[in-house]
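Take a moment to look over the structure shown here, turning it slowly if you can. The paragraphs that follow lead from the chains to their parts, and then to the spaces between those parts.

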Amino acid sequence: MTSGYLDRYGRVQSLCHRLPAHIQFLLAVGMVVTGLSIPVELWPVQVFLICVVFAGHTLAHVPMSYLFRRLSLFLPMMLLLSISLPFSQGFERGWEMMVAILFRSTLAFLTMLWLVNVMPFDQLLITLRRFWVPEVLIALLSFMYRYIFVLWDELDKMRVARRARSFGQGRTIHQWKVSAQLIGMLLIRSMERAERVHSAMCARGWDGHVRKLDSTPNTDA
Amino acid sequence: MHIADGVLSPEVCIAAGALSLSVVGYSLHKMKSSLGDRTVPLTGMMSALIFAGQMVNFPLLGAPISGHLIGGVLAASVLGPWAGCVAITLVLVVQCVLFADGGILTLGANVLNMAVIGSIGGYGILSITRRLLGRGRFGTIVGAVFASWLTVMAAAALFCLEFRMSWLNSDFQFQNIFTWMVTVHSAIGIGEALITGFAVSFILSQRPDLLHSSEKPAGAVGTFSRALAAGVVVALAVAAFLAPFASDFPDGLEAVAERAGFNELAAEPKILVLDDYKVPIAMHGWQKVSVSLAGIGGTGVVLIIGLLLGRTIKPQAANAEVRE
């Protein structure tokens with residue numbers, strides 16, 4: 001798996017992509033907060049905001065098929081979770097809460113999808129640094145992002161090996177055991193890898209402090 | 001499992017965010033002092049691992065859905081409570097900003113429910129169980145299984161609290177939602193407990209040195225903070241079990257909210273109390289039975305799982321000792 005899988009539409013050129021990263025971030029958060037603070041009675045406003053977000057997706061060249069695929073996974077989940085409300089809270093009141101939650105969460109979900117697709121991960125790290133997130137966390141995030149793909153590949157190899165040994169035949173509890181052992185094996189391997197990486201980092205002068213090497217235009221210079 | 005935006009009110013999001021911000025900040029501080037320059041590779045790798053590990057699906061018999069690992073206790077049992085908490089927090093952040101999985105405003109609540117409770121609280125339970133059952137394989141596995149199940153339950157209970165605080169001005173029926181959440185999560189917790197138990201027992205048989213032992217840096221981790229974290233989780237769990245019995249009284253939260261003087265509640269406190277009493281007695285009885293059954297059944301199943309896992313491992317341990 002490559003980073004193209006995650007940042008699929010992050011490198012497309014469009015009006016939305018050209019916005020500075022912190023503006024994109026503030027726009028998205030502002031939209032989510034606005035959506036949250038609108039009362040249920042004003043549902044047409046919610047619908048309007050959802051249309052605005054859809055327009056934003058169109059501007060950012062995000063294909064509708066992708067949006068609907070993500071929504072088709074998200075909406076049934078939310079529906080399943082919120083369907084209990086009319087039964088547990090009294091029908092009228094619970095129905096109102098359910099509709100409010102569905103509208104708000106759909107709006108927020110679409111907005112976050114927009115942000116995800118408009119802002120590549122390196123831009124996100126730079127933005128986080130701008131919002132005074134501690135240096136260690138940024139370093140951890142970039143390290144994590146670097147190794148997610150490595151570990152996914154490793155996991156894929158182990159899955160293939162497992163399938164080659166006719167996994168899937170046993171009882172459910174046996175499948176669970178094998179799957180959990182897969183995670184355990186991955187953990188052992190990745191911790192060993194972390195030790196090796198640490199030695200390599202030490203050999204290159206790592207002392208626990210992160211040296212910045214980003215593409216932000218230095219305003220002081 | 002992730003709370004989406006729109007479920008909780010902004011006030012609750014801010015409160016939960018502030019709480020988890022301070023805990024994660026403290027964890028960062030503790031983590032740096034205990035791991036030193038190994039912080040970044042070890043914790044970053046652990047986050048990536050939990051992230052990748054969640055891609056492993058666990059088939060559910062006869063259901064079209066499948067479950068996956070949450071990983072708080074697993075991370076804590078290898079890295080210790082503080083680094084484990086930071087690792088899970090990073091997983092949640094990346095899931096939020098890369099997959100739009102879980103809301104951005106509810107990130108604080110998600111971190112509180114899964115990273116803080118899951119990792120710090122889970123570690124507290126794990127170390128208490130190990131103290132009671134011994135530090136060998138048996139105690140560790142039973143502890144991991146028990147901690148995973150309890151943290152999932154505690155997270156569900158905490159979510160109910162957050163949800164209830166978000167809808168203060170409605171005639172909210174706390175018990176119903178609580179029954180629903182606790183019943184569902186006692187099943188989810190068994191899955192998490194099984195996965196964590198199998199994974200920990202596998203690690204114990206291959207590389208037991210990888211597991212975090214609280215004994216080496218004796219004073220460094222601090223008995224006090226461990227006891228505190230464990231106390232919080234145990235209290236939540238006890239609340240989860242005792243709440244159905246205590247809830248014949250008008251719900252404690254309402255009393256607190258009333259005293260705190262929330263406008264809407266203060267305006268019409270009597271209606272709220274009355275509404276609670278309107279619930280038919282039969283319903284009350286049923287709920288109590290179902291919640292307690294879920295609790296007792298879950299605890300029993302989890303204990304049996306733990307004991308069985310411990311039993312299958314034990315002979316090997318004995319052999320190893322003989323060989324030495």
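In chain A of this predicted model, if we take the contacts between residues with a separation of 6 or more, 72% of them join residues 24 or more positions apart. In chain B, the share of such contacts that belongs to residues 24 or more positions apart is 79%. One example from chain A is the pair Phe54(A) and Leu110(A), which are 56 residues apart in sequence, while their C-alpha atoms are 7.7 Å apart in space. Phe54(A) itself sits in helix H4 of chain A, a helix made of residues 43-59. Which residues does Phe54(A) contact, once its neighbours within four places in sequence are left aside? The contacts are with Met64(A), Leu67(A), Leu71(A) and Leu110(A).

With that example in mind, we can turn to each chain as a whole. Chain A contains ten helices and zero strands, and a walk from its N terminus therefore passes one α element after another, as the order α-α-α-α-α-α-α-α-α-α shows. Of its 221 residues, 47% are counted as buried, and its accessible surface is about 11800 Å², with 65% of that area belonging to carbon and sulfur atoms. The domain assignment divides chain A into domain 1, covering 15-124, and domain 2, covering 134-203, and the C-alpha centres of these two domains lie 33 Å apart.

Chain B has 13 helices and two strands. Here 59% of the 324 residues count as buried, and the chain exposes about 13300 Å², of which carbon and sulfur atoms supply 69%.

A single helix of chain B shows what burial looks like in detail. Helix H3 of chain B, residues 72-79, is mostly covered, since eight of its eight residues are buried, which means that each has under 20% relative accessible area. These residues are Gly72(B), Val73(B), Leu74(B), Ala75(B), Ala76(B), Ser77(B), Val78(B) and Leu79(B). What do the buried residues of H3(B) pack against? Their partners are helix H10 (172-203) of chain A, and, from chain B, helix H2 (39-53), H4, H5, helix H6 (137-166) and helix H7 (174-206). Just after H3(B) comes Gly80(B), which takes a positive phi of about 90°.

We can now look at the enclosed spaces. A search of the whole structure finds seven cavities of 30 Å³ or more. The largest cavity holds about 90 Å³ of space, and among the twelve residues that line it, Ile70(B), Met114(B), Gly118(B), Thr151(B) and Val152(B) are the closest to its centre. The helix H3(B) that we have just met returns here, because H3, H5 and H6 of chain B each supply at least two residues of this lining as DSSP helices. The largest share, four residues, comes from H6(B). Sorted by class, the lining of the largest cavity has six nonpolar residues, five polar and one charged.

The second largest cavity holds about 60 Å³ of space. From chain A, Phe74(A), Ser105(A), Ala108(A), Phe109(A) and Met112(A) line this cavity, and from chain B, Ala4(B), Asp5(B), Ala100(B), Gly102(B) and Gly103(B) do so. The largest share of this lining, four residues, is given by helix H7 of chain A, residues 91-118. By class, the lining has six nonpolar, three polar and one charged residues.

Last comes an open space, the second largest pocket, in which there is about 1000 Å³ of space. It is lined by 29 residues, and the closest to its centre are Val133(A), Leu21(B), Ile104(B), Leu107(B) and Gly108(B). Two or more lining residues are given by each of helix H3 (21-37), helix H8 (121-130) and helix H9 (135-164) of chain A, and by each of helix H1 (10-35), helix H4 (81-99) and helix H5 (107-133) of chain B. Which element gives the most to this lining? The answer is H1(B), with ten residues. Domain 1 and domain 2 of chain A, described above, each provide at least three residues of the lining. As for the kinds of residue found there, 24 are nonpolar and five are polar, while no charged residues are present in the lining of the second largest pocket.

Methods:
Residues are numbered from 1 along each chain as its sequence is written. Chains are lettered from A and ligands numbered from 1 in the order in which they are written. This is a predicted model: local features need pLDDT of at least 70, side-chain atom pairs count only at pLDDT 80 or more; totals for chains, interfaces and linings use all residues. Side-chain values use heavy atoms; hydrogens and water are left out. Buried means under 20% relative accessible area, exposed over 50%, partly exposed in between (1.4 Å probe, protein chains only). Contact means heavy atoms within 4.5 Å. Accessible areas come from the Shrake-Rupley method with a 1.4 Å probe; for residues, only the protein chains shown count as cover. On a 1 Å grid over the protein atoms alone, a cavity is a set of points where a 1.4 Å probe fits but cannot get out, and a pocket is an open set with protein on both sides within 12 Å along at least five of seven lines; lining residues have an atom within 4 Å of a point. Grid points are joined across faces, edges and corners, and a volume is the space filled by probe spheres set on the points. Ala, Val, Leu, Ile, Met, Phe, Trp, Tyr, Cys and Pro count as nonpolar, Asp, Glu, Lys and Arg as charged, and the others, Gly among them, as polar. Domain bounds come from an automatic or database domain assignment.
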